[in-house]
Amino acid sequence: MHWTTDQSAPSVGHVVITKTRSPIRSNVGLKAVMAVTGILLVLFLIVHMLGNLKIFTGETSFDHYAHWLRDIGTPLLPSTWYLWLQRTVLTVAVVAHIVAATVLARRARAARPVKYAHRKPVRGSYAARTMRWGGVIILLFVIYHILDLTTGTLNPVGDASNPYGNVVADFAPERWYVTLFYTLAVVTLGFHLRHGAFSAFRSLGQQSPKGERRARSAALVFAVVLCAGYLVVPFAVLTGLVS
């Protein structure tokens with residue numbers, strides 16, 4: 001609650017009681033939420049990609065890494081608790097990121113002036129125009145990915161003790177449609193990351209034409225490298241490089 005002496009609103013005497021918006025619900029606060037959750041999710045994507053690439057070191061090494069993840073924090077934490085804590089934090093981050101983006105988008109639309117018939121549409125990047133649908137595709141993929149390689153429900157093998165075998169069975173040539181869906185989701189994520197990284201670089205002060213070109217290049221390189229890191233695994237299995 002906030003006390004003010006504004007005479008333009010109904011009051012008792014000369015004191016008006018009005019509600020003030022929480023700092024985190026302001027545009028600045030919501031952008032901060034998007035930035036923090038975005039950084040957290042990107043860090044997870046990088047670490048997860050590096051872990052996936054261990055499949056090229058062989059079955060024993062990959063399985064050892066997968067089992068090690070379940071034992072992080074032991075004996076302080078029971079087995080797999082770290083993974084569930086991580087999943088909880090990531091879920092909260094994803095939900096907060098989506099909610100903040102949705103609220104900011106609605107406020108931006110509400111603040112736009114009335115459109116005139118002669119007004120030219122504002123040209124935006126493909127990633128910026130498809131962020132909403134891209135988010136839906138990524139969300140569906142995350143749900144499928146959890147049911148496939150986390151719980152094993154949709155995996156042909158579904159053996160928690162054999163992570164390497166689960167991955168190989170998942171992207172086998174006869175299951176090309178899984179690789180296709182995986183590719184679609186990862187490429188969509190790449191567009192999302194490219195737009196998000198570019199926006200982050202701009203927020204850091206890259207406002208000049210030269211700075212924007214550098215920001216676009218850096219964002220593109222980052223998105224391409226991350227996408228390649230994720231796609232190399234299913235295509236290696238699909239082509240028999242990993243079997």
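**Exercise 1. Decide whether T80 is buried, partly exposed or exposed, and describe its place and backbone.**

Solution. In this predicted model, T80 has a relative accessibility of 26%. Buried requires under 20% and exposed requires over 50%, with partly exposed in between, so T80 counts as partly exposed. As for its place, T80 is found in the loop between α2 and α3. Turning to the backbone, phi of T80 is near 75°, which is a positive value in a residue other than glycine.

**Exercise 2. Find the cis peptide bond that leads into P75, and say where P75 lies.**

Solution. The bond in question runs from T74 to P75, and its omega is near 5°. P75 itself belongs to the loop between α2 and α3.

**Exercise 3. Work out how α1 and α3 are oriented to each other, and which classes of residue make their contact.**

Solution. Begin with the geometry: α1 and helix α3 (residues 81–111) pack at an angle of about 140°, and their axes are 8 Å apart. Angles over 145 degrees would count as roughly antiparallel, and 65 to 115 as roughly perpendicular; α1 and α3 are therefore oblique to each other. The crossing of α1 past α3 is left-handed. Residues from both helices make the contact, including L30, M34 and F44 of α1 and V89, L90 and R107 of α3. Sorted by class, this contact has 15 nonpolar, 5 polar and 2 charged residues.

**Exercise 4. Work out how α2 is oriented to α6, and whether α6 is enclosed or open.**

Solution. Helix α2 (residues 59–71) packs against α6 at an angle of about 110°, with the axes 8 Å apart, and that makes α2 roughly perpendicular to α6. On the α2 side the contact is made by E59, F62, D63, A66, H67 and R70, and on the α6 side by P163, Y164 and V167. This contact has 5 nonpolar, 1 polar and 3 charged residues. Because 8 of the 8 residues of α6 are buried, α6 is largely enclosed by the rest of the structure.

**Exercise 5. Name the members of the largest nonpolar core that touch the most other members, and trace the surroundings of Y182.**

Solution. The core has 24 residues, and the members that touch the most others are I55, Y182, Y230 and V242. Two or more residues come from each of α1, α5, α6, α7 and α8, and α8 gives the largest share, 7 residues. Apart from its neighbours within four places in sequence, Y182 is in contact with N52, F141, H145, F171, Y230, L231 and P234. In soluble globular proteins, nonpolar side chains tend to be buried together.

Note on methods
Residues numbered from 1 in each chain as written. Predicted model: local features only at pLDDT ≥ 70, side-chain atom pairs only at ≥ 80, totals over all residues. Heavy atoms only, no water. Core = buried A, V, L, I, M, F, W, Y, C linked by side-chain atoms within 4.5 Å. Buried < 20%, exposed > 50% of the residue type's maximum accessible area, 1.4 Å probe, protein only. Helix = DSSP H or I, 4+ residues; strand = E, 2+ residues; numbered from the N terminus. Contact = heavy atoms within 4.5 Å. Axes fitted to C-alpha atoms, helices over the stretch in contact; angles between N-to-C directions. Parallel < 35°, antiparallel > 145°, perpendicular 65-115°, else oblique. Left-handed = near helix turned anticlockwise from the far one by under 90°. Nonpolar A, V, L, I, M, F, W, Y, C, P; charged D, E, K, R; others polar.
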